[in-house]
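Visitor: I should like to learn how to read helix packing, a ligand shell and unusual backbone geometry in a model. May we take these topics in turn?

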Amino acid sequence: MKVTLVYPGIAGYGFGSLGKGMDAGWVSHGLAHLSSAAKAQGFEVDLIDLRALHGWDEFREEVARRAPRVVGITMMSVDYNPAMESVRLIKEVDPRIVVVVGGPHPTLALDEVAANPAIDYIVTHEGEITFPKLLRAIEEGNPPQERVLVGEAPDLDTLPYPDRELFLQEWRKYGYTLDSPEVPFVEELPPPFLTIIAGRGCKYNCNFCQPAERKIFGRKVRRRSVPNIIGELKELRERYHFASFMFHDDTLTEDRKWVEEFCDAYQAEGFTQPFFCQSRADIIVRHEDLVRRMVEAGLRGYFIGFESGNDRVLRFLRKGTTREMNLQAARICKKYGVKIWANYMLGIPTETKEEVLDTISMLKEIDPDYYSPAFYTPHPGSDLYDYCLEHGLSLITSHDQYRRNPTETKIKGQDYEFLKWALQESQRRKPINALKRKVRYLWRRYARPKKIARKLRQMVGI
Ligand code: B12
């Protein structure tokens, strides 16, 4: 039976955006896992990636050309509009096509999704077991009566590896030439680059995210075993000769034992490729030796959610860290040469201008390698989203705005003119740090004292 999966991630950059940055150049591990689970059961699976198309007419043509029996659409909250338009057009092409939706938004905002009568089935939670079961039932002419199916959580080690070729084959058809399976995003991670995910769930309780993750993946974090991940990396090495990669896990470093075992196995198997992963300031401070161990194995950078430079705001966010921890974590990263990708938010509910200034001063101390600022955005499924609704704060009028990008107003009670200034100021380095970086850059680039001296003379105009 023919099944088409749809990736609707065009809310940010629109049609024809494939390959333009991380949002438009990475595979969806959710769909890749569903594809390999369905193929393992003998189903024929292909993909329509809206990022590769040039408009809705092309989508309509693709659906008609492929003539699938079932279409499965994934959706985060931000994908709601393109996902719903896809549903409408699929039914317009052929009302007999069975439309199934799943992913974070249907799990977290079920009623809203269920209100669309054109959707035949909604699979909440995880899909690798339930989706193929549903496909089989449809194939056998015995489709379930109930419209909402609660997905069973699989034992991750029993799953086939995610089907990356689902995406890569499709992308190639659109002329996306791949010197890298996925789009690299920092110079420390050279192409061929790819992303991988070792586990599901997060044990922390930050109110701008939770309980969304617990609702989708359950209370307990489940992580693939180290041999399972190493097995996938070996396959990826053979197939794509990857030169670097990044872990998507929310907090890979929360399980120290797992990370140590991974580092040992990674080196023992002869891997030297650099990687990035997410961590937290408190973990870095409490486990400095783990940072050192990870660096020996290939760690080049951490994504760290510093979020705020003010302790009251950090407590309000239930972040479980302090400003001092943030600063200390940055010092430790610098000591071991770990690049810092700094995630932080401006315009958090209840945040005052003075508190925003604390975030700015913290960033000047941290002097991160990469700035990743957000205007706080209420995401459905999180406690802080509910808080914004209860207090009448949300200014979001379309699902397209569920992006944390600092380009538009998000909540009431914040002065966005001030925040725009804060956004710039937070990314302005102290002159001494800017100079150090320039010198380091020139040293790397020209690496010859005479050449550097000439460049410096040019810069200062002598
Ligand atoms: C990697 C990641 C990204 C990557 C890549 C996304 C991609 N191409 O898939 C990048 C960095 C680009 C990204 C961007 C964003 N992300 Co993001 N991301 C993640 C992260 C960390 C991992 C996703 C993942 O691979 N999970 C593992 C897979 C296996 O799970 P899954 O995708 O949910 O799929 C399973 C089920 O949901 C279900 N399922 C999914 N789809 C379908 C479809 C059908 C038919 C069925 C039956 C089942 C099903 O089955 C799958 C297998 O079990 C998650 C958090 C997390 N741990 O999941 C956040 C998360 C999904 N992201 C989130 C957000 C908010 C964003 C952004 C809006 C942030 C921003 N920049 O503003 C953007 C939006 C991008 C866009 N579409 O325009 C939120 C979504 C919350 C919500 N209410 O929608 C999450 C949950 C993080 C959080 N807790 O806040 N993200």
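Visitor: How are α15 and α17 oriented to each other, roughly parallel or roughly antiparallel?

Guide: One reads the angle between the two axes, and an angle under 35 degrees counts as roughly parallel. In this predicted model, helix α15 (residues 353-366) and helix α17 (residues 416-426) pack at about 15°, with axes 9 Å apart. The two helices are therefore roughly parallel to each other. The crossing in which α15 passes α17 is right-handed.

Visitor: Which residues make that contact?

Guide: From α15 come Lys 353, Val 356, Leu 357, Ile 360, Leu 363 and Lys 364, while α17 supplies Phe 418, Leu 419, Trp 421, Ala 422, Glu 425 and Ser 426. By class, the contact of α15 with α17 holds eight nonpolar residues, one polar and three charged.

Visitor: At what angle do the axes of α14 and α15 cross?

Guide: Helix α14 (residues 323-335) and α15 have axes that come within 9 Å and cross at roughly 20°. This pair, too, is therefore roughly parallel. Here again the crossing is right-handed. The residues on the α14 side are Arg 323, Asn 326, Leu 327, Ala 330 and Lys 334, and those on the α15 side are Asp 358, Ser 361, Met 362, Glu 365 and Ile 366. The contact of α14 with α15 comprises four nonpolar, two polar and four charged residues.

Visitor: What of α2 and α3: at what angle do their axes cross?

Guide: The axes of helix α2 (residues 56-66) and helix α3 (residues 80-93) come within 10 Å, with a crossing angle of roughly 50°. That angle makes α2 oblique to α3. Their crossing is right-handed. In α2, Trp 56, Phe 59, Arg 60, Val 63 and Ala 64 take part, meeting a set in α3 that includes Pro 82, Leu 89, Ile 90 and Val 93. Eight nonpolar, one polar and three charged residues form the contact of α2 with α3.

Visitor: Let us turn to the ligand. Which of the 41 residues around the ligand come nearest?

Guide: Those are Thr 74, Ser 77, Glu 128, Asp 250 and Arg 404. The shell as a whole divides into 18 nonpolar, 14 polar and nine charged residues.

Visitor: Which polar atoms should I inspect around the ligand?

Guide: One should look for pairs of N or O atoms within 3.5 Å. The side chain of Asp 79 places an N or O atom 3.1 Å from a nitrogen atom of the ligand. At Gly 127, a backbone N or O atom lies 3.0 Å from an oxygen atom of the ligand. A polar backbone atom of Pro 380 is 3.2 Å from a ligand nitrogen atom. The elements that give two or more residues to the shell are α1 (29-40), β3 (70-74), β4 (98-102), α4 (104-108) and α8 (212-217).

Visitor: Finally, how should I read unusual backbone geometry?

Guide: Most residues other than glycine have a negative phi, and most peptide bonds are trans, so exceptions deserve a look. A cis peptide bond, with omega of about -10°, joins Pro 191 and Pro 192. Pro 192 belongs to the loop between α7 (165-173) and β7 (193-196). Another cis bond runs from Gln 210 to Pro 211, with omega near 10°, and Pro 211 sits in the loop between β8 (199-200) and α8.

Visitor: Where is His 241 found, and what is the sign of its phi?

Guide: His 241 lies in the loop between α9 (226-240) and β10 (244-247). Its phi is positive, at about 50°, although His 241 is not a glycine.

Notes
Residues numbered from 1 in each chain as written. Predicted model: local features only at pLDDT ≥ 70, side-chain atom pairs only at ≥ 80, totals over all residues. Heavy atoms only, no water. Axes fitted to C-alpha atoms, helices over the stretch in contact; angles between N-to-C directions. Helix = DSSP H or I, 4+ residues; strand = E, 2+ residues; numbered from the N terminus. Parallel < 35°, antiparallel > 145°, perpendicular 65-115°, else oblique. Left-handed = near helix turned anticlockwise from the far one by under 90°. Contact = heavy atoms within 4.5 Å. Nonpolar A, V, L, I, M, F, W, Y, C, P; charged D, E, K, R; others polar. Near = heavy atom within 4 Å. Polar contact = N/O pair within 3.5 Å; in protein donor to acceptor, adjacent residues only side chain to side chain.
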